[in-house]
Each structure stands twice: as C-alpha cells, then as structure tokens.
Amino acid sequence: MSLFGLGSRNQKTFRPKKNAPSGSKGAQLQKHIDATLGSGNLREAVKLPPGEDFNEWLAVNTVDFFNQVNILYGTLTEFCTQTSCPTMTAGPKYEYRWADGVAIKKPIEVSAPKYVEYLMDWIEAQLDDESIFPQKLGSPFPANFQDVVRTIFKRLFRVYAHIYHSHFQKIVSLKEEAHLNTCFKHFVLFTWEFRLIDKGELAPLQDLVESILQC
C-alpha cells in the first residue's frame, strides 16, 4: 500500500504479515481498501461499502490494522527492550498487564516487548482460527465475533499508546512520524466509525484522538 510505505531500512516486520481472508470477497474488499486509501481520504476509506457485510468488512480491516501495527513496531524492536521498557506503559498514569483468559488468566506485569509479543501471538491465534475468522466465502461468523474484534482493537491501541509515549522521539529521528501519524489517524477513524473502543480506553492519547476526530 503506497500510502503506508516505509523506507527500505524498515521493510522488516515484527512477524510475517497476515493475508486477508481468502476468497473473492476478501480480495475484493482488500482492493477497495487499497483504492480508497490511495485517494488519501481516510474518512471515506473506513466507511462500510454499500451492500457489503459488516462482519466481512471488520475481518478484512482487522487483518490490515494488525499488519500496520506489526510493521510499525518492527521498526522499534531494537529500541523497545526489557531494559528500556521494563513495563508496558503509556505515560506515567497508564500501565497494561497481560492476560489472555486461557494460558494466562490472572493479569501479569511484563515488559513492553513481552506484552507486544504476547499480544501479537494472541491476535495471530484469533486470525488463524477459522471458527472466529472464517476463510471461506459465505462461512458464518460466530456470535461473539464483534466482541473479539473489539478486544483486538483495544489491545492494538495500547501499542500505539506505548509508541507515542515512549518512542516518539525515536520515530522522529527515523523520520517516520508522518507514517505513524497517518496509520494512527486511520486506526482512530475506523474504530470511531464503528465504536470499537470505549472512550475511556483512549484516555492515554485523548488529546491526539480528539484532534484527529475534529479535523
């Protein structure tokens, strides 16, 4: 996607990119995303295309946003370490602890890179589970699909919050702040359009979120 292109030194990702759900519908929706993003109008890009299934739109975009955060964080892995970031924070007021409800049921304090590792592993497991993210065209989505998507987006926001609070100066020195800001604007507009994240969860970046929504 040209709009979200990075310099050659940053073509690495934190982990391999995920593909959109297979089948003509997933590919068609991905082309729609690429085309509307290419126009530069992010408010239009996030809207549900007329006549399309809401869950399919959520599914394709969830993969897309996972990949965006994956690429962004991949540029920072040498700077976001257990030493520099011993806890997963977003400024002095907010600390995130990890639990997935299965392997780790009680929230535990972990370093920022460990939190992101746990998170990406967990999201990949959701995306690879065909009972949650159907790969075949026309397969039904589970009743709790939108709840799973909301949890994914809530946790992806935490990665953005950590990057802005702990690594923004490094992003600036790498001359990638425009890329970060565009990705985050896209993320905010999409999650706001479909009310995917509770307003209280956005508090660590409240001023930035409000400035994006008021543009």
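Which elements do the buried residues of H4 pack against? I would like to start there, and I should say at once that what we are looking at is a predicted model. The answer is that the buried residues of H4 pack against H3, strand E1 (88–89), strand E2 (95–96) and H5. The helix itself has 17 residues, and from its first C-alpha to its last it reaches 24 Å, which is close to the 24 Å expected at 1.5 Å a residue. Its buried positions include Ala112, Pro113, Tyr115, Val116, Leu119, Met120 and Trp122, and further along Ile123, Glu124, Gln126 and Leu127 are buried as well.

Let me stay with one residue of that helix for a moment. Tyr115 lies in helix H4, and at 0% relative accessibility Tyr115 counts as buried. If we leave out residues up to four places away in sequence, Tyr115 touches Met88, Tyr96, Arg97, Trp98, Val110, Arg155 and Arg158. Its C-alpha is separated by 9.5 Å from that of Ala99, a residue 16 positions away along the chain. Arg155, one of the residues that Tyr115 touches, also lies over the face of Trp122, at 4.6 Å from the ring centre.

Now for the chain as a whole. The protein chain has seven helices and two strands, and from the N terminus on these elements run α-α-α-β-β-α-α-α-α. Of its 215 residues, 47% count as buried. Among the contacts with a separation of 6 or more, 76% are accounted for by residues 24 or more positions apart.

That brings me to the core. The largest nonpolar core has 57 residues, and the members that touch the most others are Phe157, Tyr160, Phe184, Phe187 and Phe190. The elements that give two or more residues to this core are helix H3 (54–74), helix H4 (112–128), helix H5 (145–173), helix H6 (177–193) and helix H7 (206–214). The largest share, 13 residues, comes from H5. As for Phe157, if we set aside its neighbours within four places in sequence, this residue is in contact with Tyr96, Phe184, Phe187 and Ile197, and also with Glu201, Leu202, Pro204 and Leu205.

How many aromatic pairs does a search of the whole structure find? It finds 17. In one of them, the rings of Phe65 and Phe190 have their centres 5.3 Å apart and their planes at 45°, so this pair is tilted. Because Phe65 lies in helix H3 and Phe190 in helix H6, the pair ties together parts that are 125 residues apart in sequence. Phe65 counts as buried at 0% relative accessibility, and Phe190 counts as buried, with a value of 0% as well. Phe190 also pairs with Phe194, and here the ring centres are 5.0 Å apart with the planes at 65°, so that pair is edge-to-face. Phe194 counts as buried at 14% relative accessibility. Ring pairs link these three phenylalanines into a cluster that also includes Phe54, Phe153, Phe157, Tyr160, Tyr164, Phe168, Phe184 and Phe187. Elsewhere, Lys170 lies over the face of Phe79, at 4.3 Å from the ring centre.

Next, a word on the cysteines. A disulfide is a covalent bond between the sulfur atoms of two cysteines. Why does the pair Cys80 and Cys85 not count as bonded? The sulfur of Cys80 is 3.9 Å from that of Cys85, which is its closest cysteine sulfur, and that is too far for a bond, given that the two sulfur atoms would have to lie within 2.5 Å. The count of disulfides by this rule comes to zero. Cys80 counts as buried at 2% relative accessibility, and Cys85 counts as buried at 6%.

Finally, I would point out two residues in loops. Lys175 is placed in the loop between H5 and H6, and its phi is near 60°, a positive value in a residue other than glycine. At 73% relative accessibility, Lys175 counts as exposed. Arg195 is found in the loop between H6 and H7, and although Arg195 is not a glycine, it has a positive phi of about 50°. Arg195 counts as exposed, at 52% relative accessibility.

How values were computed: Residues are numbered from 1 along each chain as its sequence is written. This is a predicted model: local features need pLDDT of at least 70, side-chain atom pairs count only at pLDDT 80 or more; totals for chains, interfaces and linings use all residues. Side-chain values use heavy atoms; hydrogens and water are left out. A nonpolar core is a set of buried Ala, Val, Leu, Ile, Met, Phe, Trp, Tyr and Cys residues joined through side-chain atoms within 4.5 Å. Buried means under 20% relative accessible area, exposed over 50%, partly exposed in between (1.4 Å probe, protein chains only). Helices (H or I, at least four residues) and strands (E, at least two) are DSSP runs, numbered from the N terminus. Contact means heavy atoms within 4.5 Å. The expected span of a helix is 1.5 Å times one less than its number of residues. Rings of Phe, Tyr and Trp (its six-membered ring) pair if their centres lie within 6.5 Å; planes under 30 degrees apart count as stacked, over 60 as edge-to-face and the rest as tilted. A charge sits over a ring if NZ of Lys or CZ of Arg is within 6 Å of the ring centre and within 35 degrees of the ring normal.
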